[in-house]
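Visitor: I should like to understand how the terms used for a protein model are justified. May we go through them one at a time?

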Amino acid sequence: MTLGYGVMVTLQILVLSFLVRVRVPQQKIAKSLKSTWRFLVTNLKQLRNMETTLVLLKPSCVQRQLIGEVVNRFERRGLRISGMKMMQLSDEILREHYSHLVDKPFFPGLCASMQASPVVAMAISGVEAVQVVRTMAGVTNGRQAAPGTIRGDYSVSNQQNIVHASDSVENAAIEVKRFFKPEEIFDYQSGAFAYIYGNGECK
Ligand code: UDP
Ligand code: MG
């Protein structure tokens with residue numbers, strides 16, 4: 001929590017206790033409480049930079065026996081694995097997950113490729129993890145992905161491109177919920193935490 005945030009919370013509390021003291025009508029106090037609550041929720045969300053993103057190791061990764069290699073990259077980077085499981089994807093979950101692509105001509109082929117074998121679903125956490133993981137994945141088309149990225153190192157296809165990675169903080173939250181039950185996500189601190197992030201870097 002930053003100093004600024006602490007100051008704002010203290011100010012809000014002072015205003016509230018002042019309103020109670022000067023016997024402001026309950027309705028007004030309730031209104032003030034509501035805005036304080038909204039303020040807390042919005043700002044806490046914005047101030048936290050520890051994020052959890054969804055990664056799917058696609059059948060192109062599983063079938064080519066690259067699971068260990070790709071998982072190793074995330075671990076070596078200093079990211080934390082918060083959830084991990086193997087699953088066979090249903091038509092239903094794919095239609096939801098790729099809802100932005102259902103009208104594309106390649107959608108049936110995409111579904112077939114995603115159902116060719118089980119996938120490994122991972123919830124990966126870290127400071128600004130959504131952007132970090134997306135950059136590690138590289139651009140969609142493996143032929144154009146930069147060397148050093150997962151797609152750029154292991155794929156030469158626009159479809160068989162090894163991994164899915166959430167593309168925004170909002171989508172990451174939705175996608176992690178889509179693939180994991182709350183009890184399948186583990187919130188623990190890595191033993192090397194102090195050597196992964198500098199002082200105050202993780203809010
Ligand atoms: N895809 C495809 N043909 C295309 C574009 C995308 O088969 O022309 C597949 C590809 O596997 C990609 C997935 O659809 O990873 C989702 O597409 P999106 O545009 O969301 O790309 P991503 O976020 O995976 O980079
Ligand atoms: Mg996408």
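**From one glycine to the whole chain**

Guide: Let us begin with G68, which is found in helix α4. Please keep in mind that this is a predicted model.

Visitor: Why is G68 called exposed?

Guide: A residue is called exposed if 12 or fewer other C-beta atoms lie within 10 Å of its own. G68 has 8 such atoms within 10 Å, and therefore G68 is exposed.

Visitor: How far is G68 from S166 in space and along the chain?

Guide: Their C-alpha atoms are separated by 20 Å, and the two residues are 98 positions apart along the chain.

Visitor: What makes the chain depart from a compact globule?

Guide: The rule for a compact globule of 203 residues gives a radius of gyration near 17 Å, whereas the chain has 22 Å. The C-alpha trace spans about 70 × 40 × 30 Å along its principal axes.

Visitor: Which domains are assigned, and how far apart are their centres?

Guide: The assignment gives domain 1 (5-48) and domain 2 (50-184). Taken over C-alpha atoms, the centres of domain 1 and domain 2 are 41 Å apart.

Visitor: How many helices and strands does the chain have, and in what pattern?

Guide: There are 10 helices and four strands. Along the sequence, the pattern reads α-α-β-α-α-β-α-α-β-α-α-β-α-α.

Visitor: What share of the residues is buried?

Guide: Burial requires 20 or more other C-beta atoms within 10 Å. Buried residues make up 25% of the 203 residues in the chain.

Visitor: What makes a set of residues the largest nonpolar core, and which residues have the most contacts inside it?

Guide: A nonpolar core is a set of buried residues of the nonpolar kinds, such as Val, Leu and Ile, joined through C-beta atoms within 7 Å. The largest such set has 29 residues, and V55, L57, I124, V133 and V163 have the most contacts inside it. Among the elements that give two or more residues to this core are β1 (50-57), β3 (119-127) and α7 (129-137).

Visitor: Which residues is V133 in contact with, beyond its neighbours within four places in sequence?

Guide: Contact requires C-beta atoms within 7 Å. With those neighbours left aside, V133 is in contact with T53, V55, I124 and A165.

Visitor: Which residues are around ligand 1, and of what classes are they?

Guide: The residues around ligand 1 are L101, F106, L110, T140, N158, Q159, N161, H164 and D167. By class, this shell has three nonpolar, five polar and one charged residues.

Terms used. Residues numbered from 1 in each chain as written. Chains lettered and ligands numbered in written order. Predicted model: local features only at pLDDT ≥ 70, side-chain atom pairs only at ≥ 80, totals over all residues. Rg over C-alpha atoms; globule rule 2.2 N^0.38 Å. Contact = placed C-beta atoms within 7 Å. Domains from an automatic or database assignment. Near = placed C-beta within 6 Å. Nonpolar A, V, L, I, M, F, W, Y, C, P; charged D, E, K, R; others polar.
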